[in-house]
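This report concerns the arrangement of domains around a bound ligand. The sequence and the structure are shown first.

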Amino acid sequence: MQISEQTRIAVIGSGTMGAGIAQLAASAGHQVQLYDISPQAITRGLEGIARSLQGRVDKGRLTTEQYQAILGRLSAAEQLSELAGADIVIEAAAEKLEIKQQLFRALAEICAPQTLLTTNTSSISVTAIASGIPNPGRVAGLHFFNPAPVMKLVEVVRGLDSSPQTIDTLCQLAQRWGKTPVRCQSTPGFIVNRVARPYYAEAWRALEEQVAPAAVIDAALRDGARFPMGPLELTDMIGQDVNFAVTCSVFNAFWQERRFLPSLVQQELVLAGKWGRKTGQGVYGWPREAQALPV
Ligand code: 3HC
């Protein structure tokens with residue numbers, strides 16, 4: 001498959017990542033269908049994209065005509081069956097293997113045999129997601145980072161049966177979208193989410209041991225180690241629900257190795273619905289007010 005503006009993209013899941021990917025694809029000139037099991041979530045996703053693009057207009061990065069053209073390329077799909085004409089499907093639904101397997105089996109029946117079926121999973125085995133579908137060579141991971149329109153990296157993840165052509169095409173797609181693709185094998189957390197686990201885990205432990213307040217831990221890593229965000233504020237941006245689910249998934253996939261042990265404090269935030277920026281409360285209250293650090 002040769003990638004062009006005519007390549008039709010479908011995105012499944014209109015949460016933070018799905019909406020960000022849809023925005024990116026439409027900005028790159030593709031017709032994009034956005035599907036979610038909840039119609040309200042699609043509306044919220046499209047509204048979020050419009051707000052994000054309006055921000056670009058306000059900053060003078062986008063003209064009003066470009067804004068309208070991008071929004072015009074986005075459409076809501078009410079049924080999964082409406083994605084039958086897609087050339088590339090990018091699944092960004094909930095981080096649960098059963099949900100993804102169900103979706104991929106349905107997509108394999110709905111879409112043409114040559115349609116590439118990709119998953120934005122952060123940590124689940126691409127091989128497992130592809131299992132049970134007739135031609136798993138067209139399945140691969142296409143893993144974006146939050147915020148998807150901004151972050152350069154895309155992990156192009158090879159499952160056991162992903163074909164080399166599928167991987168090449170996805171690398172070509174990522175480059176066309178202005179991203180830096182890296183190829184990796186399907187293993188728990190791939191590269192970034194695996195290596196980043198100790199970054200989050202150690203910050204939670206430092207918080208639990210009252211080494212310092214959250215704001216101080218974050219400032220230390222921002223100002224002392226030049227990370228763009230501290231580990232705890234980053235979990236608020238990613239979403240405590242998502243970050244915790246990824247940690248649990250990597251922990252379990254590595255046979256419960258202690259170095260990936262999830263934090264009980266983070267679990268409490270998740271159970272309380274304090275998922276960070278998207279719910280208005282996480283480690284911090286959002287929008288965050290600038291506060292002087294305790295000295
Ligand atoms: N959507 C679209 N654009 C956004 C955005 C968003 N959510 N957030 C910021 N931007 C844009 C801004 O408009 C701005 O654009 P401009 O340069 O054209 O004006 C640009 O990004 C920079 O933003 P700001 O000036 O507001 O702020 P910063 O310079 O502090 O950058 C940041 C914000 C890019 C979020 C930066 O803090 C950062 O890189 N943080 C770390 C993010 C990170 O580590 N992400 C990976 C998380 S792990 C993950 O996603 C894996 C998954 O599997 C869970």
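The ligand lies between domain 1 (9-185) and domain 2 (193-279), because both give residues to the shell around it. The domain bounds come from an automatic or database domain assignment. The model is predicted: local features need pLDDT of at least 70, side-chain atom pairs count only at pLDDT 80 or more, and totals for chains, interfaces and linings use all residues. Residues are numbered from 1 along each chain as its sequence is written.

The ligand is surrounded by 18 residues, and the closest are Ser 122, Phe 145, Asn 146, Pro 147 and Pro 228. A residue counts as near the ligand if its C-beta atom, placed from the backbone, lies within 6 Å of it. Two or more residues of this shell come from each of α2 (39-58), α9 (231-238) and α10 (240-253).

The C-alpha centres of domain 1 and domain 2 are 26 Å apart. Their contact takes 6 residues from domain 1 and 10 residues from domain 2, where two residues are in contact if their C-beta atoms, placed from the backbone, lie within 7 Å. The table gives the residue classes.

| Region | Nonpolar | Polar | Charged |
|---|---|---|---|
| Shell around the ligand | 11 residues | 5 residues | 2 residues |
| Side of domain 1 that touches domain 2 | 1 residue | 4 residues | 1 residue |

Ala, Val, Leu, Ile, Met, Phe, Trp, Tyr, Cys and Pro count as nonpolar, Asp, Glu, Lys and Arg as charged, and the others, Gly among them, as polar.

The C-alpha atoms of the protein fill a box of roughly 60 × 50 × 30 Å along the principal axes.

Terms used. Helix = DSSP H or I, 4+ residues; strand = E, 2+ residues; numbered from the N terminus.
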